[in-house]
Amino acid sequence: MAESTPARRPATGVTARVEHRITVGADVSMVELLGRGDEVLLAIEAGFRAVDIHARGNEISLAGPAGDVALVAELVDELIEVAAAGTPLTPDVVARSVTMLAASASPRPVDVLTQNILTSRGRTIRPKTEGQKDYVDAIDRNTVTFGIGPAGTGKTYLAMAKAVQALQVRQVSRIVLTRPAVEAGERLGFLPGSLSDKIDPYLRPLYDALHDMVDPDSIPRLMEAGTIEVAPLAYMRGRTLNDSFIILDEAQNTSTEQMKMFLTRLGFGSKIVVTGDVTQVDLPTATTSGLRVVEQILADIDDVAFCRLTSSDVVRHRLVGDIIDAYARWDRT
């Protein structure tokens with residue numbers, strides 16, 4: 001933990017410039033806090049150029065305008081708690097923490113950035129934004145959750161992590177992953193090869209996420225046993241899925257009839273997560289996207305949640321969020 005020394009204020013009539021000192025406790029090393037090559041410290045300095053920041057020993061001293069110093073002090077205190085909880089500090093963590101602190105209604109960064117979902121192959125998967133935390137919390141609280149938002153916001157990845165977590169703690173006995181194979185017109189029976197050969201190109205993104213979270217050597221065994229199933233949406237018809245964590249990806253490419261068919265596969269002890277981006281519909285012009293109308297249809301039903309992620313929740317390259325915003329502006333013109 002950190003100890004803060006009260007700011008020293010200037011005499012009356014002098015520009016409001018204050019000094020503040022933070023003593024970093026033994027539970028976090030200065031190397032962890034300042035980052036590799038001082039990258040975390042440099043990121044803080046870049047965001048608050050009016051504040052002079054100096055680190056010496058286990059102390060960080062701040063000097064500058066009172067408001068900026070107060071915000072940097074709060075930021076450093078949050079980063080210390082985040083690091084103490086085991087989350088590595090990076091410039092991206094700094095930027096996201098600043099965004100949360102600047103929004104008065106937002107949760108504390110430590111409450112968002114330390115919510116571990118799954119640790120696999122040396123990596124811990126956790127929310128990186130307030131919107132992602134709300135999405136993960138909604139999955140925990142509800143039987144059916146819709147994650148709607150642009151590419152790169154972690155809709156499918158976080159849902160997959162929650163599915164693997166549920167399987168590991170035996171909340172469910174299997175994971176079912178499905179996606180509409182729009183490019184094949186769902187007429188997979190006419191394509192050559194086995195079922196796997198036919199659907200692999202359309203389900204590859206689900207396999208990629210799965211390989212990040214489950215030992216790749218065990219995946220064939222789990223699939224053969226039916227513990228993990230990856231199949232196109234067309235193969236869900238007529239089934240009842242009990243004791244399962246079911247994810248429908250790319251749901252914007254379902255018709256209203258397909259969406260109804262999928263949601264009514266829900267069995268006892270199961271949970272459904274539906275993900276999609278209503279700005280990227282690949283259906284024929286005359287076909288209404290089931291994802292676009294489902295919220296109107298299910299608005300009054302309990303235990304169903306709708307979470308909307310935005311460009312601020314994008315966790316890919318910074319430009320992805322800018323590109324999404326640019327296209328949104330173009331669509332409105």
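# Exercises on a predicted model

R308 has a relative accessibility of 52%, so R308 counts as exposed. The model used here is predicted. Work through each exercise, then check the solution.

## Exercise 1: R308 on its strand

**Task.** Find the element that holds R308 and the residues that R308 touches, leaving out those up to four places away in sequence.

**Solution.**
- Step 1. Find the element. R308 sits in strand β12.
- Step 2. Judge the exposure. The cut-off for exposed is over 50%. R308 has 52%, so R308 passes as exposed.
- Step 3. List the contacts. Apart from residues up to four places away in sequence, R308 touches I148 and E295.
- Step 4. Take one partner further. I148 is 160 residues from R308 in sequence, yet their C-alpha atoms are 4.9 Å apart.

## Exercise 2: A pair of rings

**Task.** How many aromatic pairs are there, and why does the pair of F146 and F306 count as stacked, tilted or edge-to-face?

**Solution.**
- Step 1. Apply the pairing rule. Ring centres must lie within 6.5 Å. The count is 1 aromatic pair.
- Step 2. Check the distance and the angle. The ring centres of F146 and F306 are 4.5 Å apart, with the planes at 10°.
- Step 3. Classify the pair. Planes under 30 degrees apart count as stacked. The angle here is 10°, so F146 and F306 are stacked.
- Step 4. Place both rings. F146 belongs to strand β7 (residues 144-148) and F306 to strand β12 (residues 304-308), so the pair ties together parts 160 residues apart in sequence.
- Step 5. Add the burial. F146 has 0% relative accessibility, so F146 counts as buried.

## Exercise 3: T145 and its surroundings

**Task.** Decide why T145 counts as buried or exposed, and list the residues in contact with T145, leaving aside neighbours within four places in sequence.

**Solution.**
- Step 1. Locate T145. The residue is part of strand β7.
- Step 2. Use the cut-off. Buried means under 20%. T145 has 0% relative accessibility, so T145 is buried.
- Step 3. List the contacts beyond four places in sequence. T145 meets Y135, A138, I139, I272, V273, V274, A305 and C307.

## Exercise 4: The chain as a whole

**Task.** Describe the chain through its helices and strands, its burial, its contacts and its exposed area.

**Solution.**
- Step 1. Count the elements. There are 12 helices and 12 strands.
- Step 2. State the burial. The chain has 333 residues, and 46% of them count as buried.
- Step 3. Look at the contacts. Take those between residues at least 6 apart in sequence: 67% of them join residues at least 24 apart.
- Step 4. Read the surface. About 17100 Å² is exposed, and carbon and sulfur atoms supply 51% of this area.

## Exercise 5: A cavity and a pocket

**Task.** Set out the volume and lining of the largest cavity and of the largest pocket.

**Solution.**
- Step 1. Start with the cavity. The whole structure has 1 cavity of 30 Å³ or more. The largest cavity holds about 70 Å³ of space.
- Step 2. Name its lining. The residues are L33, L34, V40, L41, I44, I53, I60, L62, V72, V76 and L79.
- Step 3. Assign elements. Those giving two or more residues to this lining are α1 (30-34), α2 (39-47), β4 (59-65) and α3 (66-84).
- Step 4. Sort by class. The cavity lining has 11 nonpolar, no polar and no charged residues.
- Step 5. Turn to the pocket. The largest pocket has about 940 Å³ of space. Its lining has 36 residues, with G152, T153, G154, Y157 and V315 nearest the centre.
- Step 6. Find the main contributor. Helix α7 gives the largest share of the pocket lining, 4 residues.
- Step 7. Sort again. The pocket lining divides into 11 nonpolar, 14 polar and 11 charged residues.

## Exercise 6: Two residues with positive phi

**Task.** Which phi values do D243 and D303 have, and where do D243 and D303 lie?

**Solution.**
- Step 1. Recall the general pattern. Most residues other than glycine have a negative phi.
- Step 2. Read the angles. D243 is not a glycine, yet its phi is positive, about 50°. D303 is not a glycine either, and its phi is positive at about 70°.
- Step 3. Place D243. The residue lies in the loop between β9 (228-232) and β10 (244-248).
- Step 4. Place D303. The residue lies in the loop between α11 (290-298) and β12.
- Step 5. Judge exposure. D243 has 30% relative accessibility, so D243 is partly exposed. D303 has 37%, so D303 counts as partly exposed.

Technical notes. Residues are numbered from 1 along each chain as its sequence is written. This is a predicted model: local features need pLDDT of at least 70, side-chain atom pairs count only at pLDDT 80 or more; totals for chains, interfaces and linings use all residues. Side-chain values use heavy atoms; hydrogens and water are left out. Rings of Phe, Tyr and Trp (its six-membered ring) pair if their centres lie within 6.5 Å; planes under 30 degrees apart count as stacked, over 60 as edge-to-face and the rest as tilted. Buried means under 20% relative accessible area, exposed over 50%, partly exposed in between (1.4 Å probe, protein chains only). Contact means heavy atoms within 4.5 Å. Accessible areas come from the Shrake-Rupley method with a 1.4 Å probe; for residues, only the protein chains shown count as cover. On a 1 Å grid over the protein atoms alone, a cavity is a set of points where a 1.4 Å probe fits but cannot get out, and a pocket is an open set with protein on both sides within 12 Å along at least five of seven lines; lining residues have an atom within 4 Å of a point. Grid points are joined across faces, edges and corners, and a volume is the space filled by probe spheres set on the points. Ala, Val, Leu, Ile, Met, Phe, Trp, Tyr, Cys and Pro count as nonpolar, Asp, Glu, Lys and Arg as charged, and the others, Gly among them, as polar.
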